[in-house]
Structure formats: C-alpha cells, structure tokens
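What follows is a walk through one protein chain, from a single residue outward to the whole fold. Keep the sequence and the model in view while reading.

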Amino acid sequence: MGCSRTNMLFRSTFLHKTWPRIKEIFKRKRKWTKTIYTSKTCQYCDLVKKNLTESSIEFTEIDIVEYRNVWTGVKDLTATPVTPTIEINNEFLLPGRDFV
C-alpha cells in the first residue's frame with residue numbers, strides 16, 4: 001500500500017510541478033539538440049519520455065547501461081549520477097537540482 005501511495009504522489013508531483021517546467025524549456029529551445037539519459041528501471045525516465053512524446057517534442061534517448069562510456073562523461077561533467085539527466089544544447093538539467 002505504501003508503494004502505491006508513493007507512486008501516486010510521485011506522478012502527481014511530476015504532472016503538476018515538473019512536467020510544465022520541462023515542457024516549457026523544451027518548447028522554448030525547439031531547434032536545439034535535446035538528449036535524455038535514461039535507465040530501463042527508472043519510472044521518472046518513463047514519465048518524461050511519455051510526456052515528451054505525447055507533446056510531439058523530439059529528443060534522443062541514451063540508455064546509461066548501453067552507452068556506459070557516454071554516461072561516464074556526463075557524470076564527470078555534472079558530478080551527479082542520476083536519471084533522467086536532460087541535456088539541451090550542452091546544458092544539463094538534473095532531477096533534484098533543476099526539477100522535482
């Protein structure tokens with residue numbers, strides 16, 4: 001039961017606070033390169049990808065396990081190994097720092 005309450009709170013926070021901010025950033029920078037570094041086990045990654053796709057916002061997805069060497073470079077730059085890490089034209093947005 002606790003897990004489902006946590007999921008409901010997580011989804012509610014994402015949809016009402018985080019998603020509008022991410023969507024605004026992506027739409028403002030429509031012509032810029034947008035990359036999302038994801039993990040197959042990351043529910044937050046799934047929500048971000050789903051909402052971007054439903055909003056017809058193009059992005060490139062990089063799986064951090066499959067492209068471990070690329071992810072290592074991102075971790076070195078950001079000093080924060082957390083997904084989803086969003087890169088927009090060489091600027092990184094991190095959960096907990098730039099969005100909830």
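Two residues are in contact when heavy atoms of one lie within 4.5 Å of heavy atoms of the other. The model is predicted, and every contact below is computed from it.

With that cut-off, T35 is a convenient place to begin. T35 sits in strand 1, which covers residues 34–38. Leaving aside residues up to four places away in sequence, T35 touches T60, I62, T85, I86 and E87. The relative accessible area of T35 is 8%. Since buried means under 20%, T35 therefore counts as buried.

From this residue the view can widen to the chain. Its secondary structure consists of three helices and four strands, and along the sequence these follow the pattern α-β-α-β-α-β-β. Of the 100 residues, 40% count as buried. Contacts between residues at least 6 apart in sequence can be sorted by separation: 65% of them join residues at least 24 apart.

The next topic is the interior. In soluble globular proteins, nonpolar side chains tend to be buried together. In this model, the largest nonpolar core has twelve residues: I22, I36, C42, Y44, C45, V48, L52, I57, I86, I88, L93 and F99. Helix 2 (43–54) and strand 3 (85–88) each contribute at least two residues to this core. Helix 2 provides the largest share, four residues. Another core, of six residues, lies apart from it and includes I64, W71, V74 and F92. I86, listed in the largest core, is also one of the residues that T35 touches.

Two residues named for the six-residue core, W71 and V74, lead to helix 3. This helix spans residues 68–78, and W71, V74 and T78 are buried in it. Viewed down the axis of helix 3, the buried residues fall within an arc of 60°, so they line one face of the helix. N69 and D76, on the other side of helix 3, are exposed. The cover over the buried residues of helix 3 includes strand 1, strand 3 and strand 4 (91–93). Strand 1 is also where T35 is placed. After helix 3 comes A79, with a positive phi near 60°.

Last comes the outside of the chain. The chain exposes about 6,500 Å², and carbon and sulfur atoms supply 52% of that area.

Definitions and conventions: Residues numbered from 1 in each chain as written. Predicted model: local features only at pLDDT ≥ 70, side-chain atom pairs only at ≥ 80, totals over all residues. Heavy atoms only, no water. Buried < 20%, exposed > 50% of the residue type's maximum accessible area, 1.4 Å probe, protein only. Core = buried A, V, L, I, M, F, W, Y, C linked by side-chain atoms within 4.5 Å. Arc of directions from axis to C-beta. Areas by Shrake-Rupley, 256 points an atom, 1.4 Å probe, with all protein chains shown as cover.
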